[in-house]
Amino acid sequence: MKSRFSLFQSHLDLAHSYWARLLQPGDYAMDATCGNGHDTLKLAQLLNGTGRVWGIDLQKEAIDNTRALLKAQLTDAALNSVSLFEQSHATFPESVSRYPLRLVIYNLGYLPKGDKTVTTMTAITLQSVRLAMDLLLPGGAVSITCYPGHPEGACEDLALQELCRSLSPALWSVCMHTFTNRVASPRLLLIQKADPAPQM
Ligand SMILES: C[S@@+](CC[C@H](N)C(=O)[O-])C[C@H]1O[C@@H](n2cnc3c(N)ncnc32)[C@H](O)[C@@H]1O
């Protein structure tokens with residue numbers, strides 16, 4: 001169906017367009033909240049079998065859904081470049097920590113059509129985002145979509161904004177997108193690490 005608003009349909013469309021601008025062939029990227037796999041799929045499609053994509057989710061159901069979606073949509077090369085982990089993003093798999101990441105993404109909240117009581121939690125989200133920021137390449141970014149329309153999401157939103165405000169503008173560029181004319185609009189937060197030697 002044709003949208004009434006042609007620039008982008010949602011904060012996720014907007015996020016995807018930033019990921020496409022940032023990622024380069026051979027990059028390393030991580031989806032820290034796989035859910036039903038749509039964002040992991042997008043990362044794998046953008047890298048198209050080059051580099052590596054890691055996907056993490058706390059729930060087996062989410063990892064199973066992600067695996068099924070990737071199998072249905074990706075070429076063998078792209079599929080083989082993705083590794084999935086059923087675990088909390090409070091820490092990252094050891095193999096991930098050895099690679100400089102261009103992009104780490106979070107789509108916070110609960111599994112759509114799943115158990116709404118299993119949701120990302122503010123303290124763990126903050127811990128994980130800080131960890132991800134440490135693992136970024138210069139010029140790399142953390143992309144976070146956040147949903148203040150449910151109670152834990154509202155806490156995450158405030159805590160993440162506080163974290164972002166505390167970051168030195170010499171070292172980090174932070175941008176928040178929100179639909180100003182919508183109540184409890186989802187947010188897109190982009191946190192980019194400075195690149196001291198940008199390519200011309
Ligand atoms: C909104 S969904 C993600 C949607 C997904 N990106 C997609 O494209 O379908 C949020 C996911 O975060 C997961 N989650 C919650 N707490 C987590 C944690 N501590 N570590 C990893 N995943 C977590 C949930 O299980 C849920 O699947």
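This is a dialogue about a ligand site and several residues in a predicted model.

Trainee: Which residues come nearest to the ligand?

Mentor: Asn36, Asp39, Asp57, Gln59 and His89 do, out of 24 residues around the ligand.

Trainee: What makes the pair between Asp57 and the ligand a polar contact?

Mentor: The cut-off is 3.5 Å between N or O atoms. A polar side-chain atom of Asp57 lies 2.6 Å from an oxygen atom of the ligand. That distance is within the cut-off, so the pair counts as a polar contact.

Trainee: How do you know that Ser88 makes a polar contact with the ligand?

Mentor: Apply the 3.5 Å limit again. An N or O atom in the Ser88 side chain is 3.2 Å from a nitrogen atom of the ligand. This pair is within the limit, so it qualifies.

Trainee: Which part of His38 pairs with the ligand?

Mentor: The backbone. A polar backbone atom of His38 is 3.1 Å from an oxygen atom of the ligand.

Trainee: How much of the ligand does the protein cover?

Mentor: On its own, the ligand has 600 Å² of accessible area, and the protein covers 96% of that.

Trainee: Which pocket does the ligand take up?

Mentor: The largest pocket.

Trainee: How do the residues of the shell around the ligand divide?

Mentor: There are 13 polar residues, 9 nonpolar and 2 charged.

Trainee: Back to His89. Why is His89 called buried?

Mentor: Buried means under 20% relative accessible area. His89 has 8%, so the label fits. His89 is found in the loop between β3 (82-86) and α5 (94-97).

Trainee: How far is His89 from Asp115 in space?

Mentor: Their C-alpha atoms are separated by 18 Å, and the two residues are 26 apart along the chain.

Trainee: Now Cys34. Why does Cys34 count as buried?

Mentor: Cys34 has 4% relative accessibility. The limit for buried is under 20%, so Cys34 counts as buried. Cys34 also sits in a loop, the one between β1 (28-31) and α2. The C-alpha atom of Cys34 is 6.6 Å from that of Thr66, 32 residues away along the chain.

Trainee: What makes Gly139 buried?

Mentor: The relative accessible area of Gly139 is 8%. That is under 20%, so Gly139 is buried. Gly139 belongs to strand β5 (residues 136-146).

Trainee: Where does Lys193 lie relative to Gly139?

Mentor: In sequence, they are 54 residues apart. In space, their C-alpha atoms are 5.1 Å apart.

Trainee: Which residues of helix α2 are buried?

Mentor: Helix α2 covers residues 38-47, and its buried residues are Asp39, Thr40, Leu41, Leu43, Ala44 and Leu47. Asp39 is also among those that come nearest to the ligand.

Trainee: What comes just after α2?

Mentor: Asn48, with a positive phi of about 50°. Asn48 lies in the loop between α2 and β2 (52-57).

Trainee: Why is Asn48 called exposed?

Mentor: Exposed means over 50% relative accessible area. Asn48 has 54%, so Asn48 is exposed.

Trainee: And Lys113: buried or exposed?

Mentor: Exposed. Lys113 has 87% relative accessibility, which is over 50%, so the term applies.

Trainee: What is the phi of Lys113?

Mentor: Positive, about 65°, although Lys113 is not a glycine. Lys113 lies in the loop between β4 (101-107) and α6 (122-135).

Definitions and conventions
Residues numbered from 1 in each chain as written. Predicted model: local features only at pLDDT ≥ 70, side-chain atom pairs only at ≥ 80, totals over all residues. Heavy atoms only, no water. Near = heavy atom within 4 Å. Polar contact = N/O pair within 3.5 Å; in protein donor to acceptor, adjacent residues only side chain to side chain. Areas by Shrake-Rupley, 256 points an atom, 1.4 Å probe, with all protein chains shown as cover. 1 Å grid on protein atoms, 1.4 Å probe; cavity = no way out; pocket = protein on both sides within 12 Å on 5 of 7 lines; lining within 4 Å. Sits in = over half its atoms within 2 Å of the grid points. Nonpolar A, V, L, I, M, F, W, Y, C, P; charged D, E, K, R; others polar. Helix = DSSP H or I, 4+ residues; strand = E, 2+ residues; numbered from the N terminus. Buried < 20%, exposed > 50% of the residue type's maximum accessible area, 1.4 Å probe, protein only.
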